[in-house]
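Colleague: Hello! I am new to this structure and would like to learn how to read its features. Could we look at it together?

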Amino acid sequence: MHPTTSRRGRRTIAAVAGGAVLALFASACTGSSESGGSDDSASGKDVTITFWHGWSQDSEVKAINDTIAAFERAHPNIHVKPVGNVADDKVNQALRAGGDDAPDVVSSFTTNNVGMFCSTKAFVDLKPQLQKSGIDPARTFPAAMLDYTRFQGNQCSLPLLGDAYGLYYNKKAFAAAGIANPPKTFSEFADDAKKLTIADGDSYKQLGFMPLYHGYESTTEHFLGQYGATYFGADGKSNLATDPKVAAMLNWQKGLVDQLGGYARLDKYRATFGEEFSAKNPFQTGQVAMAIDGEWRTASLAENKPDFDWATAPFPVPDDQAASYGRGYQTGTIVGIASTSKKQAAAWEFVKFLTTDTDAVVDFANAIHNVPSTFDALSSPKLVSDPSFKTFLDVAKNPNSGTTPASVNGGGYIVSLQNLGYDIESGKQTDVQAGLAATAKQIDTDIAQAK
Amino acid sequence: MSLAFGTRKGAGATTPAAPATQHLLRRKRRRETARTLAFLSPWLIGVSVFFVYPLVSTAYFSLTQYNGFGAPAFNGLKNWDYVLDELPTFWQGLRNTLWLVLVMVTLRVAFGLGIGLLITKVKTGAGFFRTVFYLPYLAPPVAATVAFAFLLNPGTGPLNHLLGELGLPQPGWFADPDWSKPALTLLAMWGIGDLMVIFMASLLDVPQEQYEAAELDGAGPFQRFRYVTLPNISPIIMFAVVTGVIQTMQYYTQAIVAGKVASGIAGNSGQQFEPGYPQGSTWTLPQMVYNLGFQRFDYGAACVVALVLFAISMAVTSILLRRRSGFMASDD
């Protein structure tokens, strides 16, 4: 008996150790299946799918729930269980873990992660489904929106409403400075920004425009949208150092910083700004007379009613590209189907409805004041729009509008470029070209590491 | 004892004495081992599940290319090369982390001890001062950091307003790369309550007769502190330093919240947050583990940084503890 106990003891230890090793590999091997499961929703069987999204405000949640209700009316056998207020971190974890509680359909506000979702096959490629349903993506969705929903030919997500960027301007301040129309080129813009700037000691009573990259939506990628710069070459390598538009943008911004008072003074003024998504936003308080911002600001301006008239226009373009006036940066919400989902047919019906049903897209866009994401919805008569909102619809329709492309390591390359921007505007980096070469090299290294 | 054991079992009388005793001895030893293991098992299980297994997996994943999907692919030392050679932010993060360890731990211990000394000396209202200095410790780190970002706001903060009124320079605090770490250190010193309580308890434990003896020998206040107080509380100082080093090596929340609030990217607009704002000055290695692991999903590289952190913590702690034991021995 005793030798047996001892052997049993050894066996126990071996089993525990083996179990630990097994757990190690098991936890590492929860991969995704290529094809995913099918379901019987097409033959009328009841199917319930789980839909994760990030909307959290009451009005937004009501809007998405109304869209879901409309879908369920049209597809009585498919039921949708929505889970709201889900941040991207959680989505990423769930897609990796799989399991019963994992979502079937997922939407995300961060288009930067599309490259990762596609390349890791966390989301299924929707091309076969689009073909089967007779949907031509190029004729259905604006080009920039298609760009941020696919990666290297893999259309693993579709756009679900979009955000377009333009210029907001304070009409009262414009009148006081004797400016009749919004600027169209960067030289007009610089003149106006200067005219609109009223100094107050070593600070400002009113600033024409806050050019710093921490000035909320005035970021490197939003400015680059006005230049039509390319981020990656055909070989997948970073284009930042070779595309002269990037250096042009960085130099233009630095020039504006110097012209409007210099980095230190602007940065100190920036610290007096209230929170971006509040009534204390510097454009709404009149601290800045012009701002680059997304279409959602029209809704908050209408709600908070500042004591001045305001209007919108496309953001100006570089003087040597004056013909492209009307373009802008675009991003938006994306939606995809988890490859771990066992209910792909029902999930596709839902995604198809969310992204291509014109009435559904228009109603949802009206409810949450975003730009619709299909050509049909953009020109739908049901779309509630006023001149200030129409600016953004036009930017979204403009074929020159651009976005930041998907990359295998998410938004890593955008952060690298941002960091270079901070160094240049603060004077830490004076050689723009050398900075761009180093940044491009770092981006290539980071992408090689992620592959 | 073996006889008693044998007698109780009734085995010793009938079989030859020597082999029987050996057999019983072996049996007894085995039983004792089993009993010891049984008593130790909660700890053993805990250590295996929460320490050995994660450590071994971290070491294993640091040698693989793994993004959470599919199986990890072994890629040798590629992640180590990448982190140590090709990632300039690693060295920046390491420098910041070591700066914080050195300055923050030193100042926290000195300040905590100073406050403890003062409060134990206070005759009236000690309870009030204890409460005042302890309360900030109860504030959740995120709330405390947001409050500090507000107080130290270079444009609108009351502190700079006051400094301006007094004609003193007004630093950029969380917005200035030269001042962001000192600002975080100020925040850490504000939440000194935990250390203060520990120091107070140890100061009150110093035998009063040693002070009296020192006084009789003509020792002044400084000598009494140097030759009576300090040797008595040195284990507590060592405890504060070692736990402080470990805590600061894990410094994450305050740095990331201060960076986010000061940079203006606090809302969830889908914008990419630049950790370490401004200019990487508050970028620490724990943030890097999070950024690499859970934002870029490069688990391999994240594990490398985690292992480096672990190795440094272990090295610093063991050096400190060894010095401490030498100190104790010479004392004795």
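Modeller: Gladly, and let us begin with a definition: a salt bridge is a side-chain nitrogen of Lys or Arg within 4 Å of a carboxyl oxygen of Asp or Glu. Please keep in mind that this is a predicted model.

Colleague: How many salt bridges does that rule find across the interface of chain B and chain A?

Modeller: The rule finds one salt bridge across that interface. Its partners are Asp446(A) and Arg296(B), with the closest N and O atoms 3.8 Å apart. That distance falls within the 4 Å of the rule.

Colleague: Which helices of chain B each supply at least two residues of the side that touches chain A?

Modeller: In chain B these are helix H2 (17-61), helix H3 (78-86), helix H12 (253-263), helix H13 (285-295) and helix H14 (299-331). The largest share of that side comes from H2(B), with six residues.

Colleague: And how many residues does the contact take from each chain?

Modeller: It takes 50 residues from chain A and 46 residues from chain B. The area buried between the two chains is about 4,000 Å², and carbon and sulfur atoms give 52% of it. There are also nine residue pairs in polar contact between chain B and chain A, counting pairs with both residues at pLDDT 80 or more.

Colleague: What is chain B itself made of, in helices and strands?

Modeller: Chain B has 14 helices and two strands. Of its 332 residues, 42% are buried. Among the contacts in chain B with a separation of 6 or more, 64% are between residues 24 or more positions apart.

Colleague: Back to salt bridges, please. How many does the structure hold over all chains?

Modeller: The structure holds 13 over all chains. One of them joins Lys62(A) to Asp66(A), with the closest N and O atoms 2.9 Å apart. These two residues are separated by about one helical turn, because they are four residues apart in helix H2 (residues 58-74) of chain A.

Colleague: Is Lys62(A) buried or exposed?

Modeller: The cut-offs help here: buried means under 20% relative accessible area, exposed means over 50%, and partly exposed lies in between. With 52%, Lys62(A) is exposed, whereas Asp66(A), with 41%, is partly exposed. Another salt bridge links Asp136(A) and Arg139(A), whose closest N and O atoms are 3.7 Å apart. There, Asp136(A) is partly exposed at 37% and Arg139(A) is exposed at 68%.

Colleague: What about the salt bridge of Asp293(A) with Arg297(A): are its residues buried or exposed?

Modeller: Both Asp293(A) and Arg297(A) are buried. The closest N and O atoms of this pair are 2.8 Å apart.

Colleague: Let us turn to disulfides. Which cysteines form one?

Modeller: The idea is to look for a pair of cysteine sulfur atoms within 2.5 Å. The count is one disulfide over all chains, formed by Cys118(A) and Cys156(A) with their sulfur atoms 2.2 Å apart. The pair links distant parts of the chain, 38 residues apart: Cys118(A) is in helix H4 (residues 114-119) of chain A, and Cys156(A) is in the loop between helix H7 (143-147) and strand S4 (158-170) of chain A. The torsion about the S-S bond is about -85°, so the disulfide is left-handed.

Colleague: Why does Cys118(A) count as buried?

Modeller: Cys118(A) counts as buried because its relative accessible area is 1%, under the 20% cut-off. Cys156(A) is buried too, at 0%.

Colleague: Which other residue of that loop could we look at?

Modeller: Tyr148(A) lies in the loop between H7 and S4 of chain A. Tyr148(A) is buried, with a relative accessible area of 1%. Leaving aside neighbours within four places in sequence, its contacts include Thr111(A), Leu161(A), Gly332(A) and Thr404(A).

Colleague: Finally, which strands pair with S3(A)?

Modeller: Strand S1 (residues 47-52) of chain A pairs with S3(A) in the parallel sense over two bridges. Strand S9 (residues 330-337) of chain A runs antiparallel to S3(A), joined by four bridges. Val105(A) is the bridge partner of Phe51(A) and stands opposite Ile337(A) in S9(A). Val105(A) and Ser107(A) point one way from S3(A), Val106(A) and Ser108(A) point the other way, and all are buried.

How values were computed. Residues are numbered from 1 along each chain as its sequence is written. Chains are lettered from A and ligands numbered from 1 in the order in which they are written. This is a predicted model: local features need pLDDT of at least 70, side-chain atom pairs count only at pLDDT 80 or more; totals for chains, interfaces and linings use all residues. Side-chain values use heavy atoms; hydrogens and water are left out. Buried means under 20% relative accessible area, exposed over 50%, partly exposed in between (1.4 Å probe, protein chains only). Two strands pair if DSSP finds at least two bridges between them. Contact means heavy atoms within 4.5 Å. Buried area is the accessible area (1.4 Å probe) that two parts lose on being put together, summed over both. A polar contact is a pair of N or O atoms within 3.5 Å; within protein, one must be able to donate a hydrogen and the other to accept it, and residues adjacent in sequence count only if both atoms are side-chain atoms.
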